[in-house]
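Visitor: Please pick one part of this model and go through it closely. I would like the geometry first, then the residues involved, and then whatever adjoins them.

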Amino acid sequence: MADVAAMAGVSSQTVSRVANNRENVDASTRERVLAAMKMLGYRPNTAARALVTGRFGTLGVISFDISAYGNARTFAAISDAAREADLFVNFMGARAQTGAAVRQAFQQLMVQSVDGIILIESQILDTPELRLPSAVPVVFADGDTGHRYANVDIDQAEGTRSVVAHLLGLGHRTVWHVAGPRDSYAARRRAEAWHRSLKDAGTVVPPLLYGDWSAASGYHAGRELADRPEVTAIFAANDQMALGVMRALQEAGRRVPQDVSVTGFDDVPEAAFFPAPLTTVRQDFDAVGRHCVTLLLDQIGGETGSPRQASVAPVLVVRESTAAPAG
């Protein structure tokens with residue numbers, strides 16, 4: 001810090017104010033100090049900063065499966081928002097879908113001195129209510145809203161209702177559903193909303209089929225549905241399963257969308273380039289990640305009046321995989 005101060009021609013206190021993003025520094029002075037920091041390769045001493053501020057400048061993230069599309073996008077957004085706030089991110093994977101595994105990951109992050117923790121909890125745990133130590137603030141992303149923690153979620157029910165309304169509005173008598181795995185909150189919410197939407201519309205509710213989010217599981221469900229001539233509209237719980245469904249229908253000689261309309265959920269980057277560009281529900285995972293960081297920083301800063309819940313609205317994206325039923 002003394003070297004930076006000497007090169008920039010300022011006091012060490014001014015260097016400290018710049019390093020801590022304080023606003024009471026003249027713009028030209030700040031630029032001079034930042035240039036000196038870059039020239040000398042200066043990095044703030046995080047341990048010393050923690051002694052002064054009581055904060056470590058690090059957020060923790062726990063997830064069960066960071067390879068899943070939604071989880072990966074949410075984590076990337078969290079990392080971007082943290083970087084913009086001059087914070088670091090430590091990631092910890094939970095080994096199993098149990099409360100004990102989450103608590104173990106929580107404790108491991110605590111050892112690494114984090115200021116708060118975000119739990120990307122898309123799986124159903126083995127306990128109806130998860131209780132975590134109160135040592136640091138916690139925010140849930142895509143978790144059970146019954147938890148007594150700050151929570152950020154995409155309105156799964158609204159996204160599902162928009163899909164069902166779109167397909168029924170095209171003239172289909174009902175909508176068949178390939179759900180995600182039974183141990184997923186997102187899959188359960190979409191399946192429940194699909195069932196309610198059909199009941200509210202006064203139409204028949206077909207048998208439910210299950211997949212595991214993979215295109216292969218969608219393909220197996222699609223082969224079963226392709227053999228049913230009464231199937232004219234299929235709502236797959238994610239885009240990968242929708243792709244598998246479309247492949248099975250194609251092999252069975254049933255055209256999309258002329259014979260069967262197919263929809264997905266997520267709007268993965270490839271969805272617009274499927275053989276029949278996919279009608280799907282776009283989830284704004286970037287907004288979810290940024291809301292998580294905002295809610296966490298509000299808690300860390302002691303802003304007791306700040307909101308503890310945030311909901312992100314999904315958007316129906318209509319493409320060429322849906323059409324009115326034949327005839």
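**A helix pair and the loop before it**

Guide: Helices α9 and α10 cross with a right-handed sense. The model is predicted, and the description below should be read as such. Helix α9 covers residues 215–226 and helix α10 covers residues 239–251; their axes come within 6 Å and cross at roughly 40°. That angle makes α9 oblique to α10, because an angle has to be under 35 degrees to count as roughly parallel.

The contact between the two helices can be listed by residue. On the α9 side the participants are A215, S217, G218, Y219, G222, R223 and A226. On the α10 side they are Q240, M241, G244, V245, R247, A248, L249 and E251. Glycine appears on both sides of this contact, as G218 and G222 in α9 and as G244 in α10.

The adjoining residue to look at is D212, in the loop between β7 (209–210) and α9. Leaving out residues up to four places away in sequence, D212 touches P181, S217 and M241. Two of these contacts lead back to the helix pair, since S217 in α9 and M241 in α10 are listed in the contact between the helices. D212 has a relative accessibility of 45%, so it counts as partly exposed; exposed would require over 50%. Finally, D212 and A187 are 25 residues apart along the chain, and their C-alpha atoms are separated by 9.5 Å.

Note on methods:
Residues numbered from 1 in each chain as written. Predicted model: local features only at pLDDT ≥ 70, side-chain atom pairs only at ≥ 80, totals over all residues. Heavy atoms only, no water. Axes fitted to C-alpha atoms, helices over the stretch in contact; angles between N-to-C directions. Helix = DSSP H or I, 4+ residues; strand = E, 2+ residues; numbered from the N terminus. Parallel < 35°, antiparallel > 145°, perpendicular 65-115°, else oblique. Left-handed = near helix turned anticlockwise from the far one by under 90°. Contact = heavy atoms within 4.5 Å. Buried < 20%, exposed > 50% of the residue type's maximum accessible area, 1.4 Å probe, protein only.
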